[in-house]
Protein chains: 2
Amino acid sequence: MAKYKLVREIDVRLADNSYPILIGQGILQNKELICRFLVSKQVLIVTNTTLASFYLPSFMTILSDRQCDVVILPDGEEYKNSASLNQIYEALISKAHHRDTTLIALGGGVVGDIAGFAASTYQRGVNFIQIPTSLLAQVDASVGGKTAINHPLGKNMIGSFYQPKAVLIDLEVLKTLSLRHFRAGLAEVIKYAILVGGALLDDVRTMLAATTDVKTVSEFLEVSDNLSDIVARCCQIKAEVVQQDERESGVRALLNLGHTVGHALEAYTHYSQWLHGEAVAIGLYCAALLSHLQCGLKQDLVNEIDELLFLARLPRRIPVSVDLNALRILMNTDKKIKNNTLRFVLIRGEGDCFLDGQVTETKLEAALESAVEGE
Amino acid sequence: MAKYKLVREIDVRLADNSYPILIGQGILQNKELICRFLVSKQVLIVTNTTLASFYLPSFMTILSDRQCDVVILPDGEEYKNSASLNQIYEALISKAHHRDTTLIALGGGVVGDIAGFAASTYQRGVNFIQIPTSLLAQVDASVGGKTAINHPLGKNMIGSFYQPKAVLIDLEVLKTLSLRHFRAGLAEVIKYAILVGGALLDDVRTMLAATTDVKTVSEFLEVSDNLSDIVARCCQIKAEVVQQDERESGVRALLNLGHTVGHALEAYTHYSQWLHGEAVAIGLYCAALLSHLQCGLKQDLVNEIDELLFLARLPRRIPVSVDLNALRILMNTDKKIKNNTLRFVLIRGEGDCFLDGQVTETKLEAALESAVEGE
């Protein structure tokens, strides 16, 4: 039996659901551990074409003692749609999966979101396990029970809150990511660093400064030895926020820092130009600029956020080709809108963010204009 | 302001949701009452072509002080599908409905199920109010938070548990139902009468015996004066069961009496031959026959159930044209299956039902064969 090393176990404690997040190395190869969370006789694995070639054969060996079916989706945010969802439903029904089956999301945020939504709606809800394989999914998307598919007019417009039975985070799998996909996940890490400030912000800064010029993910992991600790701290923050506010009626909305503009940019380009994390990176810079105009965020911290994104080699500027009016119209599908008013997560200082429903069109326009490339 | 008469108010008390069921006359015309439950500035009404002509103009007048949009679906179980669901999503997105909007289901079980599912998944969940207009929806479908759409291979395969903010039952609207649609609802009433037995069974028998030969719903309501009381008692039973077991891990499954065969018959005929209640009526008779074979239900009670269905002028036999093997295969999508085993709700006696996972293929075959027309 393959050995694994556990880095951290975090429990997400909710009113009627509690579940563990296991973070470690070699988890995906450990049959005993996987089977501890997999009690059903039927399993459907949802993954994508890229990951299937890496992990599927060995992972299916672990599950060879039960009915194990697979749906392999094309890789990319543009496939997080109703066609992919139907592909999962068709597989579940045609292979006669019953209400006591388990869906496993083996993949990044796209796979996790769509498999989670399928699990929450097939026969009114079946078991679900998250095995996130991208950095973005490990630090953010796999924790907290948000599931969704996109609509051509807006990101994550159709979805549910539906908690997994477990989140199994194997840090080993990060090595198979392209550097671009890995770096996209750093945008969410930077988001957490801004949200809580202090030691996490310092450690993230140190990690990014040391790894700016690496050429591969393996090199990143060699140069910086604290990524696994940072992943665990991000999960811990997310777990605590979700425990306070599972359905985002309050504090959970702060985790959307950078996402209002980020989601609009994704919809504007039909989910094809940027990875989600890259769009969030631009969104974080816009949030910093808007915070400067709206609530006096100091220029030093605006610059620091810009610098962190630069060190992570993430995009930070809106391309000149983007029509800013069209972008603002796309923000009308933002899920934080209340009483017809758009609310932004703004930054007063490090570790001090809040939801602001008083941002004027003029200030938003000014912030977006300052974020355009070459401005 | 139009007056209304309240017959009963029942509270459904759940761990993190509580909501009222109001049963009365004239509710739909009472602006103050409707607006008590409708606090949002945006409303989307989901209804069908038949009901729209009866109720929509006056109902929309009540809501004229806010953004009020409408989706009118074709009438019929065969439209409880993903195309209708998408029609609702499209309306919500194109009219810029935000997370604080309210969906109102103004219709029977089909409208309620599909609007409820749309409400549970649009932006991960928005407010939802049930205004059931059919007898079936008033006594059963509108209470308890089951939402769903059908899949060509199985009834209610895609859905969620999602509770409304209120259920407003106006008994006046029953008068506009066709007698056939009204009688279909009596199947669920008979189901409750078998499940609890005693006084309810007596009162239902009396009501049905007195109304067998009526020609219109209005005549039914004139001849029998206790329907509103019976509706209230059915809602009360459902509320109590749902409070004990919201997500159907135990006792709630008993409410599926007659539905395993009923759902298979609906899927077999692509939801076009019988109304849901009519298929359940045949299913109830099959459940009685199977209970006789499997757990010794006395022939007297089998006959009594047959008689009740006859008095309600409901179908009770499987047509000879139905392929019983194909019907049994369709039961493989039943949501009560556990460890690959079909479980049936069986009847030991009046007020004494249970879930049985030990029914053999042979006994099921025998019961279905005895239920065929002319046997």
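**Exercise 1. Is A:Tyr55 buried or exposed?**

The model is predicted, and each value below is computed from it.

Step 1. The relative accessibility of A:Tyr55 is 9%.
Step 2. The cut-off for buried is under 20% relative accessible area.
Step 3. A:Tyr55 therefore counts as buried.

**Exercise 2. Classify the aromatic pair formed by A:Phe54 and A:Tyr55.**

Step 1. A pair of aromatic rings is described by the distance of the centres and the angle of the planes.
Step 2. Over all chains, the structure holds 4 aromatic pairs. One of them is A:Phe54 with A:Tyr55, at 5.8 Å centre to centre and 45° between the planes.
Step 3. Planes under 30 degrees apart count as stacked and those over 60 as edge-to-face, so the rest are tilted. The pair of A:Phe54 and A:Tyr55 is tilted.
Step 4. As for exposure, A:Phe54 has a relative accessible area of 44% and is partly exposed.

**Exercise 3. Describe the pair formed by B:Phe182 and B:Phe220, and place both residues in the chain.**

Step 1. The centres of B:Phe182 and B:Phe220 lie 4.7 Å apart, with 65° between the planes, and the pair is edge-to-face.
Step 2. B:Phe182 belongs to helix H6 (residues 179-196) of chain B, and B:Phe220 to helix H8 (residues 217-223) of chain B.
Step 3. With their positions 38 residues apart, the pair links distant parts of the chain.
Step 4. Both B:Phe182 and B:Phe220 are buried.

**Exercise 4. Find the rings over which A:Arg313 and A:Arg317 place their charged ends.**

Step 1. For A:Arg313, the ring is that of A:Phe310, with the charged end 5.3 Å from its centre.
Step 2. For A:Arg317, the ring is that of A:Tyr285, and the distance to its centre is 4.0 Å.

**Exercise 5. Trace the open sheet of chain A and the helices packed on it.**

Step 1. The sheet has 7 strands in the order E1-E2-E9-E6-E5-E3-E4, with mixed pairing.
Step 2. Strands E1 (5-13) and E4 (67-73) of chain A are the edge strands, each pairing on one side only.
Step 3. On average, neighbouring strands of this sheet are turned by 15° against each other, direction ignored.
Step 4. Within the sheet, E6 (residues 127-132) and E9 (residues 166-170) of chain A run parallel, joined by 2 bridges. A:Gln130 has A:Val167 as its bridge partner in E9(A).
Step 5. Helix H3 (residues 82-94) of chain A packs on the sheet and touches E3, E4 and E5 of chain A; its direction makes about 160° with that of E4(A).
Step 6. Helix H4 (residues 109-121) of chain A also packs on the sheet, touching E3, E4, E5 and E6 of chain A, and its direction makes about 170° with that of E5(A).

Notes:
Residues numbered from 1 in each chain as written. Chains lettered and ligands numbered in written order. Predicted model: local features only at pLDDT ≥ 70, side-chain atom pairs only at ≥ 80, totals over all residues. Heavy atoms only, no water. Phe/Tyr/Trp six-rings, centres within 6.5 Å; stacked < 30°, edge-to-face > 60°. Buried < 20%, exposed > 50% of the residue type's maximum accessible area, 1.4 Å probe, protein only. Helix = DSSP H or I, 4+ residues; strand = E, 2+ residues; numbered from the N terminus. Lys NZ or Arg CZ within 6 Å of the ring centre and 35° of its normal. Pairing = 2+ DSSP bridges. Axes fitted to C-alpha atoms, helices over the stretch in contact; angles between N-to-C directions. Contact = heavy atoms within 4.5 Å.
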